[in-house]
Structure formats: structure tokens, C-alpha cells
Amino acid sequence: MRRWCLLLLTILLLAGCGVETQSDEKLEDLDFTVLDVEAIPEELRNVLEEKKNEPFQVTYEDEGYLYICAGYGEQETSGYSIAVQDLYLTGTAICVDTELLGPGKDENAAQSVTCPYIVLKLEYLDKPVIFE
């Protein structure tokens with residue numbers, strides 16, 4: 001009787017365990033546009049203006065588009081830019097990887113505080129965004 005109970009319990013446990021694949025593999029690169037400040041929706045622009053002094057990561061949805069924003073806070077000079085290293089879709093998420101690039105060695109960077117950030121616009125996808 002005890003063996004039957006153990007066997008039944010094992011069968012029930014195994015039947016309840018399924019193989020769920022939450023693929024973190026890259027399925028496809030996503031097309032995007034880097035927006036100028038003037039092209040950013042006003043509501044989002046206001047949010048970014050409030051956050052720009054500190055590093056931030058923000059997503060925003062509006063009229064069928066997804067906006068992915070990354071800011072790097074205050075920098076002591078001008079001449080910074082932001083590169084998009086990767087933006088792709090997995091089975092469970094949108095992954096984005098950006099990098100802050102400093103002024104070049106030969107570049108005369110002005111000694112004025114800047115707050116570099118980037119706004120990427122893409123078609124809306126109902127997936128969470130992972131910043132890498």
C-alpha cells in the first residue's frame with residue numbers, strides 16, 4: 001500500500017511538471033528610430049526633463065509606439081554620445097543595450113554640464129523591456 005501511494009504521488013508530481021520554455025535567445029533585431037528632442041511626445045519630454053540629472057531607464061507607450069529611453073545623468077563636459085549596442089526581441093522580452101561614449105581625445109569638450117540621454121521609438125510590442 002505504501003509503495004502504491006509513493007508511486008501515485010510520483011506520477012502526480014511528474015504530471016504537474018511541464019517543460020516551460022522561456023527563451024532568452026535572440027529571435028530578431030528590432031527596427032527603431034532615434035528621436036530628436038522635438039520629436040519626443042510632450043508628456044514623455046516632460047518626464048525626461050525631470051529625470052535627466054540622474055541616470056534613468058524609462059519606457060513609454062503612445063499611439064501604437066513604444067519609446068525606450070536611457071539617460072546617463074550629469075556629465076561635466078560636452079561631447080558625449082550614446083550608442084545602441086543591441087535592441088532585440090526574445091520569446092519573453094525586449095532587450096536593449098546602450099553605452100555612453102565620452103568625448104574623443106582630440107575633441108575640445110566644453111566645460112559645461114550636460115545630461116545625455118537617448119530615446120528610441122519602435123512599434124509597440126506587448127513585452128517587458130530589459131535594460132542590459
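What follows is a walk through one open sheet, the helix across it, and two residues in its surroundings. The model is predicted, so local features need pLDDT of at least 70 and side-chain atom pairs count only at pLDDT 80 or more, while totals for chains, interfaces and linings use all residues. Residues are numbered from 1 along each chain as its sequence is written, and side-chain values use heavy atoms, with hydrogens and water left out.

The sheet has 4 strands in the order β2-β7-β4-β3, with antiparallel pairing. Its edge strands are β2 and β3 (55-62), each of which pairs on one side only. Strands, like helices, are DSSP runs numbered from the N terminus (strands E, at least two residues; helices H or I, at least four). Two strands count as paired if DSSP finds at least two bridges between them.

Starting from the β2 edge, strand β2 (residues 33-34) is joined to β7 (residues 117-123) by 2 bridges, and the two run antiparallel. Here Val 34 has Leu 120 of β7 as its bridge partner. On the next step across the sheet, β7 pairs with β4 (residues 65-72) over 7 bridges, again in the antiparallel sense. Within this pairing, Tyr 65 is matched with Glu 123 of β7. Finally, 8 bridges hold the antiparallel pair of β3 and β4, where Tyr 60 has Tyr 67 of β4 as its bridge partner.

Helix α2 (residues 42-51) lies across β3, β4 and β7 and runs at about 170 degrees to β3. Such angles run from 0 to 180 degrees between N-to-C directions, with axes as lines fitted to C-alpha atoms, for helices over the stretch in contact. Contact means heavy atoms within 4.5 Å.

On edge strand β3 sits Gln 57. This residue is exposed, with a relative accessible area of 51%. The classes are buried under 20%, exposed over 50% and partly exposed in between (1.4 Å probe, protein chains only). Leaving aside neighbours within four places in sequence, Gln 57 is in contact with Cys 69 and Phe 131. Gln 57 and Tyr 117 are 60 residues apart in sequence, and their C-alpha atoms are 9.5 Å apart in space.

Thr 98 belongs to strand β6 (residues 94-101). Thr 98 is buried, at a relative accessible area of 15%. Not counting residues up to four places away in sequence, Thr 98 touches Ala 70, Tyr 72, Ile 82, Ala 83, Val 84, Gln 85 and Ile 118. With Tyr 72 there is also a side-chain to side-chain polar contact of 2.7 Å. A polar contact is a pair of N or O atoms within 3.5 Å; within protein, one must be able to donate a hydrogen and the other to accept it, and residues adjacent in sequence count only if both atoms are side-chain atoms.
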